[in-house]
Structures are given as structure tokens and as C-alpha cells.
Amino acid sequence: KVFDKVMKHIVPVHNWNPYITKIEKLTNFELERKYEEAKLKAFGDYEDEKFHGTGEDGVKGISENGFRIGNPGMYGAGIYFATDSSKSSQEIYTKGSNKLLLCKVLLGKYKVVTKADSTLTLTKLRKERFDSVFAPRDSKQTGGVMNDE
């Protein structure tokens, strides 16, 4: 199932042809408990599987302690995921490790954004009764992204 999902979500523009040597399932019951608690506080219940590229240290840290909010990017400080495995596989994200995480993500009620806004914060989103942001594919011409994030 994971192999099929990785292969299905390759976009040619990323010029990525994976050779998958290993698939592991990581489970952390404490993080799963926190995920279930977060679902109770969300404005929506939308969940999906998304990709996240990270380095060796990132895999260890995320699997042990969960994700942490990163520095502000195109859509503010947050945790960035992609629908396309080929997007998350880029070296800027994997830091040469060639490691991808396929994660169950609670998007909740998401705000659609079609242009970059690095000032977005969780506080702002929550005031508008959103849990996350979604940048749709092909919004690059309005200042967004080519592939959804």
C-alpha cells in the first residue's frame, strides 16, 4: 500500500525516479493519544495521508517526539506536508537522506490559500475557525504553488 502510494504520487516536474529499498511502520502510542486529543479540539475532522521529507535526525526526532513547528515558510510557521511524494523527496527537505514519511495528518477544517502569506499563525487561523491551510495545485500564477501543499 505504501509503495503504491509513493509511486502514484510522482509528478514529472520533480524529476524523481525512486528506488525503494525499505518501508518501515513507526508507531508511538503517546503521539497517537495526543493525535486523538487534538481531533477533539479541531474545527473539522478531515484526515488524509500526506508526505513529509526529512533527514536522518528528523526521522528519529519525529518518531520519538512528534513534529515541531518550523520557521516561517510560504504560509507561516508550521509543519509542511505534500500530496506528491516527489515534492517531499527533494533534497532541500530530505537533506540527502532520501527518507520520506507518509503520515496520517489531521487537517481538520482547512483554509484554502492561493498566494503566499508568511505571516499566518496558528492563532490567526484559530480566530478564523480553521485548523490548517491548504495551498491548491496550480496556484503559482497567483503567488501560490505549482503542486499542492
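This note walks through the aromatic pairs, a cation over a ring, a nonpolar patch and one buried threonine.

1. Status of the model. The structure is a predicted model. The points below should be read with that in mind.

2. Aromatic pairs. The structure holds 3 aromatic pairs. One of them joins Tyr46 and Tyr110, with ring centres 5.8 Å apart and planes at 55 degrees, so this pair is tilted. An angle over 60 degrees would have counted as edge-to-face, and one under 30 as stacked.

3. What the tilted pair connects. Tyr46 sits in the loop between helix H2 (29-41) and strand E1 (47-54), while Tyr110 belongs to strand E3 (residues 110-112). The pair therefore ties together parts that are 64 residues apart in sequence. Tyr46 has 36% relative accessibility and counts as partly exposed. Tyr110 is also partly exposed, at 35%.

4. The edge-to-face pair. Tyr110 has another ring partner, Phe134. Their centres are 5.5 Å apart and their planes make an angle of 65 degrees, an edge-to-face arrangement. Phe134 lies in strand E4 (residues 132-134) and Tyr110 in strand E3, so this contact of rings ties together parts 24 residues apart in sequence. Phe134 has a relative accessible area of 22%, which makes it partly exposed; the cut-off for buried is under 20%.

5. The cluster. Tyr46, Tyr110 and Phe134 make up one aromatic cluster. Tyr110 takes part in the tilted pair with Tyr46 and in the edge-to-face pair with Phe134.

6. A charge over a ring. Which ring lies under the charged end of Lys109? The ring of Phe130 does, with the charged end 5.0 Å from the ring centre.

7. Nonpolar surface patch. Val2, Phe3, Met7 and Ile23 make a nonpolar patch of about 330 Å² on the surface. Val2 is placed in helix H1 (residues 2-8). Its relative accessible area is 32%, so Val2 is partly exposed. Patch residues need over 30%, and Val2 has 32%.

8. Thr94. Is Thr94 buried or exposed? Thr94 is buried, because its relative accessibility is 1% and the cut-off is under 20%. The residue lies in helix H5 (residues 91-94). Leaving out residues up to four places away in sequence, Thr94 touches Gly53, Thr54, Gly55, Ser88, Ser89 and Lys99. Of these, Gly53 and Thr54 fall in strand E1 (47-54), the strand that follows the loop holding Tyr46.

Technical notes
Residues numbered from 1 in each chain as written. Predicted model: local features only at pLDDT ≥ 70, side-chain atom pairs only at ≥ 80, totals over all residues. Heavy atoms only, no water. Helix = DSSP H or I, 4+ residues; strand = E, 2+ residues; numbered from the N terminus. Buried < 20%, exposed > 50% of the residue type's maximum accessible area, 1.4 Å probe, protein only. Contact = heavy atoms within 4.5 Å. Patch = residues over 30% accessible without salt bridge, like charges linked within 9 Å, V, L, I, M, F, W, Y side chains within 5 Å. Areas by Shrake-Rupley, 256 points an atom, 1.4 Å probe, with all protein chains shown as cover. Salt bridge = Lys/Arg side-chain N within 4 Å of Asp/Glu carboxyl O. Phe/Tyr/Trp six-rings, centres within 6.5 Å; stacked < 30°, edge-to-face > 60°. Lys NZ or Arg CZ within 6 Å of the ring centre and 35° of its normal.
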